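Okay, thanks for squeezing me in. I'll put the model up and walk through it from the inside out.

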Amino acid sequence: LVFETMRSSGPGGQHVNKVETAVLLKFDIPNSSLPEDIKRRMIKLGYSGMTAEGVIHIKSQATRSQKKNKVMALDRLKALILKAMEVQKKRKPTQPTQASQKRRVDKKKKHGKTKRMRAQDWLDDDDYD
């Protein structure tokens with residue numbers, strides 16, 4: 001982890017212009033001590049603040065305290081790592097049941113019959129001759 005501080009934008013008056021409260025957290029995924037599968041999943045997540053080399057940049061400037069901003073940046077990194085640790089279950093492809101296929105075909109036939117009935121009503125109308 002590498003922390004950089006900088007001047008923050010936003011409210012604070014002249015305090016903002018002289019105190020470096022914003023924090024930029026840099027986390028190098030390829031060179032970290034995380035297991036390889038978690039590294040791959042973190043890179044695959046495609047975090048918007050990630051460079052091409054796999055370094056995550058998290059900027060925090062929500063509060064006027066540098067310490068609180070560091071904690072917030074670490075919490076966001078922790079959330080990213082936890083999200084990468086979740087292993088999604090493989091989807092098992094299934095086939096539709098015979099009953100569901102029959103219901104689908106029956107519904108299509110009923111809808112087509114309704115449309116045919118409407119067309120016949122419109123064609124049989126003698127007002128347009």
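So, let's begin with the lining of the largest cavity: by class, six nonpolar residues, no polar ones and no charged ones. Before I go on, keep in mind that this is a predicted model. The residues around that cavity are Met42, Leu45, Tyr47, Met50, Ile56 and Leu80. The volume is about 30 Å³, and searching the whole structure for cavities of 30 Å³ or more turns up one.

Let me step back for the overall layout. What order do the elements run in, from the N terminus on? It goes β-α-β-α-β-α-α, which is four helices and three strands. The chain has 129 residues, and 20% of them count as buried. If you take the contacts with a separation of 6 or more, 53% come from residues 24 or more positions apart.

Now the pocket. The largest one holds about 430 Å³ of space. And what is it lined with, by class? Eight charged residues, three nonpolar and one polar. Hold that up against the largest cavity, where the lining has no charged residues.

Going through the names, the pocket lining has Asp37, Arg40, Arg41, Lys44 and Leu45, then Lys83, Ala84, Glu86, Val87, Gln88, Lys89 and Lys90. Which helix gives the most? That's helix 2, with five residues. Helix 2 and helix 3 each put in at least two. One thing you may have caught: Leu45 is on the pocket list, and Leu45 is on the cavity list too.

Next up, charges. How many salt bridges does the structure hold? Four, and I'll go through some of them.

Start with Asp37 and Arg41, since both were in the pocket lining. Their side chains meet in a salt bridge at 3.6 Å, N to O. The two are four residues apart in helix 2, so about one helical turn separates them. Both are partly exposed: Asp37 has a relative accessible area of 33%, and Arg41 has 25%.

Staying in that helix, Lys39 forms a salt bridge with Glu36, with the closest N and O atoms 3.3 Å apart. Again we're talking about one helical turn, because Lys39 and Glu36 are three residues apart in helix 2, which covers residues 36-45. Is Lys39 buried or exposed? Buried, as it happens: its relative accessibility is 8%, and the cut-off for buried is under 20%.

The pair Glu4 and Lys26 bridges elsewhere, with the closest N and O atoms 2.8 Å apart. Glu4 sits in strand 1, residues 2-6, and Lys26 in strand 2, residues 22-28, so this salt bridge ties together parts that are 22 residues apart in sequence. Glu4 is partly exposed at 32% relative accessibility. Lys26 is partly exposed as well, at 24%.

Last stop, helix 3 and the loop leading into it. Ser65 is in the loop between strand 3, residues 55-60, and helix 3, residues 66-85. Where does the Ser65 side chain reach? To the backbone nitrogen of Lys68, at 3.3 Å. Ser65 is partly exposed, with a relative accessible area of 25%. There's also a sequence-versus-space point here: Ser65 and Glu20 are 45 residues apart in sequence, and their C-alpha atoms are 9.1 Å apart.

Then move on to Asn69, which lies in helix 3 itself. How accessible is Asn69? Its relative accessible area is 0%, so Asn69 counts as buried. And what is Asn69 in contact with, once you leave aside the neighbours within four places in sequence? There's Thr21, Ala22 and Val23, and then Ser60, Gln61, Ala62 and Thr63. Ala22 and Val23 fall within strand 2, residues 22-28, and Ser60 falls within strand 3, residues 55-60.

To wrap up, here are the bits I'd have you look at on the screen: the cavity with its six nonpolar lining residues, the pocket with its eight charged ones, the bridge from Glu4 to Lys26, and Asn69 at 0% relative accessible area. That's my lot, so over to you for questions.

Conventions. Residues are numbered from 1 along each chain as its sequence is written. This is a predicted model: local features need pLDDT of at least 70, side-chain atom pairs count only at pLDDT 80 or more; totals for chains, interfaces and linings use all residues. Side-chain values use heavy atoms; hydrogens and water are left out. Buried means under 20% relative accessible area, exposed over 50%, partly exposed in between (1.4 Å probe, protein chains only). A polar contact is a pair of N or O atoms within 3.5 Å; within protein, one must be able to donate a hydrogen and the other to accept it, and residues adjacent in sequence count only if both atoms are side-chain atoms. Contact means heavy atoms within 4.5 Å. On a 1 Å grid over the protein atoms alone, a cavity is a set of points where a 1.4 Å probe fits but cannot get out, and a pocket is an open set with protein on both sides within 12 Å along at least five of seven lines; lining residues have an atom within 4 Å of a point. Grid points are joined across faces, edges and corners, and a volume is the space filled by probe spheres set on the points. Ala, Val, Leu, Ile, Met, Phe, Trp, Tyr, Cys and Pro count as nonpolar, Asp, Glu, Lys and Arg as charged, and the others, Gly among them, as polar.
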